[in-house]
Amino acid sequence: MNQEVVQSRRSDTEQAVNELCSQLKKNTAQYNAIIFFASSSYDFPRLSALLHGRFPSAQVVGTTTSGEISEKGFAKGTIVLNALSDGMGGGRTQFKGVLIDDANLFPMVRKKEILSAAASIGVQLSSPSCSRDAFAISLICGLLSAEEGVLSLLYSLVKDEKFLVAGGSAGDDLNFKATSVSLNGVCSNKGAVILFVKTTCPFRIYKENIFQRSGKTVMLTNVNPETHAVLEIDRQNPRRRYASVLNIPESQVADATLDHPFGRVFGDEIYIASLVQFDNAGKLTMYARVLQDSVQEILEPMDTLAITEETCKKARAEIPNPGCVILFNCILRTVGFEKKRQQDSVNAVWKRNFPVYSGFSTYGEQFGHINSNQTLVMLVIGE
């Protein structure tokens, strides 16, 4: 797999597209897939249509973001475009996308389209071994709580438990008004795009967690699943109980939430459930779905740079010659890096390990069956 990453800071959508295409090394007809990440400041429908027009033979998928990532570092207000092609003469990798509109309502109506899209490139989701040479990339509108429904639908069709999805939820530069995704020029602000990939190239998908278990658990004893609100923790005021468990004054709770999110533990894996905020009355709002009487562990931060090095070291050991690297990095990680002035340091580790990469700041991260927060999901494909 060969990945070219180009970026534009031009505010005019058409000028930005012209600049992006002018930076590419090949004729536009030579690319198999285009994956683009764009600030919500752009005219997204216009951008999607223009890129589809420039790459008519490729699968063109895109999303709005809350920040973009390239070897130049963390950015805002830009477009990052990934142009993917076979590096060895073609034929090794195929892509096919499907757009699931109204993903928060009735995703099941797209069942046949999902099966057809996968089958069109030789991915039989009913095969117990389809994970050997296939996976999927997900881009899901991030303000609809649609992630679990989309993943549940997809995995109801997949018979191979090892089949993996890597993806992220669309952002809108922390405006929290509307997010968008697109496939081949068709846009949706209430949908999801699943891009199936069949390849003979080696590939791996990694989930990076920069938090660890603390042994401090709480129960969400009164919740509103519709609004992701927590009204009681251990039958107490949420802010008061959270502060008590951390042994800090309630006045310091707002500064603690980035470093002490909740975690759901499945086997040896920790899936992070981030905290949005406590309101004046102490009620807690979560990014992730909340369940009545669910047990959550309050997590503790680890050494960010050491974990970043470890993730990259593992990836390079398993795929020594990466040809494509895509990072789905939670916006809360980005905010945390910025707060601690670690953005340049984290990017330097990625730059030292990977010849090319890109990504975006997400409103949620998909890794297999699970949608998480405050996580990095890293897709690595060999040359």
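What share of the contacts in the protein with a separation of 6 or more comes from residues 24 or more positions apart? Keep that in mind as you work through these exercises on a predicted model.

**Exercise 1. Contacts along the chain**

Task: Find the share asked for above, for contacts in the protein with a separation of 6 or more.

Solution: Take the contacts whose partners have a separation of 6 or more. Of these, 81% are accounted for by residues 24 or more positions apart.

**Exercise 2. The overall picture**

Task: Describe the protein as a whole: which radius of gyration does it have, and how many helices and strands?

Solution: Start with the secondary structure, which comes to 9 helices and 27 strands. Next, look at the radius of gyration. For 383 residues, a compact globule would have a value near 21 Å, and the protein has 20 Å, so the two agree. Along the principal axes, the C-alpha atoms fill a box of roughly 60 × 45 × 40 Å.

Now turn to the surface. The accessible surface is about 15,900 Å², and carbon and sulfur atoms hold 46% of that. Buried residues make up 56% of the 383 residues. Finally, consider the charges: there are 39 positive and 39 negative ones, and their mean positions lie 3 Å apart.

**Exercise 3. Two residues with positive phi**

Task: Asp-234 has a positive phi, and so does Arg-341. Where does each residue lie, and is each one buried, partly exposed or exposed?

Solution: First, recall the background. Most residues other than glycine have a negative phi. That makes a positive value something to look up one residue at a time.

Step one is Asp-234, with phi near 50°. Asp-234 sits in the loop between β16 (229-233) and α5 (238-246). Its relative accessible area is 23%, so Asp-234 is partly exposed, as this value lies between the cut-offs of 20% and 50%.

Step two is Arg-341, with phi near 55°. Its place is the loop that joins α8 (331-339) to α9 (343-353). Here the relative accessible area is 76%, which means that Arg-341 is exposed, because this value is over 50%.

**Exercise 4. An aromatic cluster**

Task: Which residues form one aromatic cluster with Phe-74, and how are the rings of Phe-74 and Phe-337 arranged?

Solution: A pair of aromatic rings is described by the distance of the centres and the angle of the planes. The whole structure holds 11 aromatic pairs. One of them joins Phe-74 and Phe-337, with 6.1 Å centre to centre and 75° between the planes. This pair is edge-to-face, because its angle is over 60 degrees.

Then ask where the two partners lie. Phe-74 is in strand β5 (residues 73-75) and Phe-337 in helix α8, 263 residues apart. Phe-74 has a relative accessible area of 18%, so this residue counts as buried, being under the 20% cut-off. Phe-337 is buried as well, at 2% relative accessibility.

Phe-74 has another partner, Trp-350: these rings are 5.8 Å apart centre to centre, with 40° between the planes, and the pair is tilted. Trp-350 belongs to helix α9 and Phe-74 to strand β5, so the pair ties together parts 276 residues apart in sequence. Both Phe-74 and Trp-350 are buried.

To finish, put the cluster together: Phe-74, Phe-337, Trp-350 and Tyr-357 form one aromatic cluster.

**Exercise 5. Three places to inspect**

Task: Is Ile-233 buried or exposed, and what are the surroundings of Gln-23 and Pro-225?

Solution: Begin with Ile-233 in strand β16. Its relative accessibility is 1%, so Ile-233 counts as buried. Leaving aside neighbours within four places in sequence, its contacts include Val-218, Met-219, Phe-262 and Leu-284. From Ile-233 to Met-219 the C-alpha distance is 5.7 Å, although they are 14 residues apart in sequence.

Move on to Gln-23, in the loop between α1 (13-22) and β2 (33-39). With a relative accessible area of 35%, Gln-23 is partly exposed. Not counting residues up to four places away in sequence, Gln-23 touches Val-6 and Gln-7. The C-alpha atoms of Gln-23 and Glu-4 are 9.3 Å apart, with their positions 19 residues apart in sequence.

End with Pro-225, in the loop between β15 (217-224) and β16. Pro-225 is partly exposed, at a relative accessible area of 44%. Its C-alpha atom is separated by 22 Å from that of Leu-258, 33 residues apart along the chain.

Definitions and conventions: Residues are numbered from 1 along each chain as its sequence is written. This is a predicted model: local features need pLDDT of at least 70, side-chain atom pairs count only at pLDDT 80 or more; totals for chains, interfaces and linings use all residues. Side-chain values use heavy atoms; hydrogens and water are left out. Helices (H or I, at least four residues) and strands (E, at least two) are DSSP runs, numbered from the N terminus. The radius of gyration is taken over C-alpha atoms; the globule rule is 2.2 Å times the number of residues to the power 0.38. Buried means under 20% relative accessible area, exposed over 50%, partly exposed in between (1.4 Å probe, protein chains only). Contact means heavy atoms within 4.5 Å. Accessible areas come from the Shrake-Rupley method with a 1.4 Å probe; for residues, only the protein chains shown count as cover. Lys and Arg count as positive and Asp and Glu as negative; His and the chain ends are not counted. The place of a charge is taken as NZ of Lys, CZ of Arg, CG of Asp or CD of Glu. Rings of Phe, Tyr and Trp (its six-membered ring) pair if their centres lie within 6.5 Å; planes under 30 degrees apart count as stacked, over 60 as edge-to-face and the rest as tilted.
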